[in-house]
Amino acid sequence: MRLDKYLAQADVGTRSEVKKMIRCGRVLLNGVPAKKPEQKITKEDIIIADGKEIHFSQYRYFMLNKPAGVVSATMDKNDTTVVELIDDAHSKNLFPVGRLDKDTEGLLLMTNDGALAHELLSPRKHVEKTYFVRVHGKVTEEDSAQFAQGMDIGDEKLTKPASLTDIRYTGEDTELYITITEGRYHQIKRMFARVGKPVVYLKRIAMGSLRLDETLTPGAYRELTEEEIFSLKNRNN
């Protein structure tokens with residue numbers, strides 16, 4: 001990549017501004033002043049601009065604890081989008097990996113890495129997604145068996161098997177965790193509606209190897225750690 005392009009994408013300045021910085025000797029490349037803006041660089045090079053070492057990654061990865069009332073989109077005329085919640089210089093390039101319903105909370109991966117998004121969303125990859133759910137009514141063993149076998153929710157095909165765990169009753173409601181490997185429209189709500197237990201509350205807590213950081217309040221976010229990124233990219237290895 002060209003040095004001036006790299007610095008501009010790292011938000012050091014505009015393309016014209018960083019060109020002036022380079023020509024004025026304010027940019028060091030591996031300890032010596034850079035010669036020209038079009039100079040080629042690699043990821044091994046050490047770049048310092050105005051005394052500050054510049055670190056820039058082409059791809060960004062954020063974990064967002066999506067709050068209810070926000071839509072999983074990059075643009076919307078009526079509602080706040082998940083992209084608008086991320087106050088970052090590169091947020092304009094981010095998009096949500098999959099979607100959560102407007103009233104659903106929890107884990108949402110935000111990135112500009114299209115290849116990883118495709119891997120995580122591909123139906124052939126069977127990436128597990130786990131949700132905490134509260135439904136009205138008492139979930140029975142017969143209900144669990146239906147979820148495990150696959151259900152008819154009005155689509156051409158039955159749902160893939162889903163597992164219900166940690167079932168506990170709270171008055172007239174049931175709280176539990178459900179793990180699915182698909183992402184059909186309103187899937188979890190439709191599955192529970194099929195057994196006559198409407199969903200009262202829904203929160204995603206895991207997607208593949210990525211688990212929601214419980215220290216993140218609704219609307220808060222953080223960048224993924226190197227370990228989390230590695231685990232997502234190497235889930236089948």
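**Exercise 1. Find the strands that pair with β5, and say how they run.**

Start with β7 (residues 105–111): six bridges tie it to β5, and the two run antiparallel. Pairing here needs at least two bridges found by DSSP between two strands, and a strand is a DSSP run of E with at least two residues, numbered from the N terminus. Keep in mind that this is a predicted model, where local features need pLDDT of at least 70, side-chain atom pairs count only at pLDDT 80 or more, and totals for chains, interfaces and linings use all residues. Residues are numbered from 1 along each chain as its sequence is written, and side-chain values use heavy atoms, with hydrogens and water left out.

Next comes β13 (residues 221–223), joined to β5 by three bridges, again antiparallel.

Now zoom in on L64: opposite it in β7 stands L108, while its bridge partner in β13 is Y221.

**Exercise 2. Work out which way the side chains of β5 point, and whether they are buried or exposed.**

First, the general pattern: side chains in a regular strand alternate between the two faces of the sheet.

In β5, Y61, M63 and N65 point one way, and F62, L64 and K66 point the other way.

Then check the cover: six of the six residues in β5 (residues 61–66) are buried, meaning under 20% relative accessible area with a 1.4 Å probe, protein chains only (exposed is over 50%, partly exposed in between).

Notes:
Helix = DSSP H or I, 4+ residues; strand = E, 2+ residues; numbered from the N terminus.
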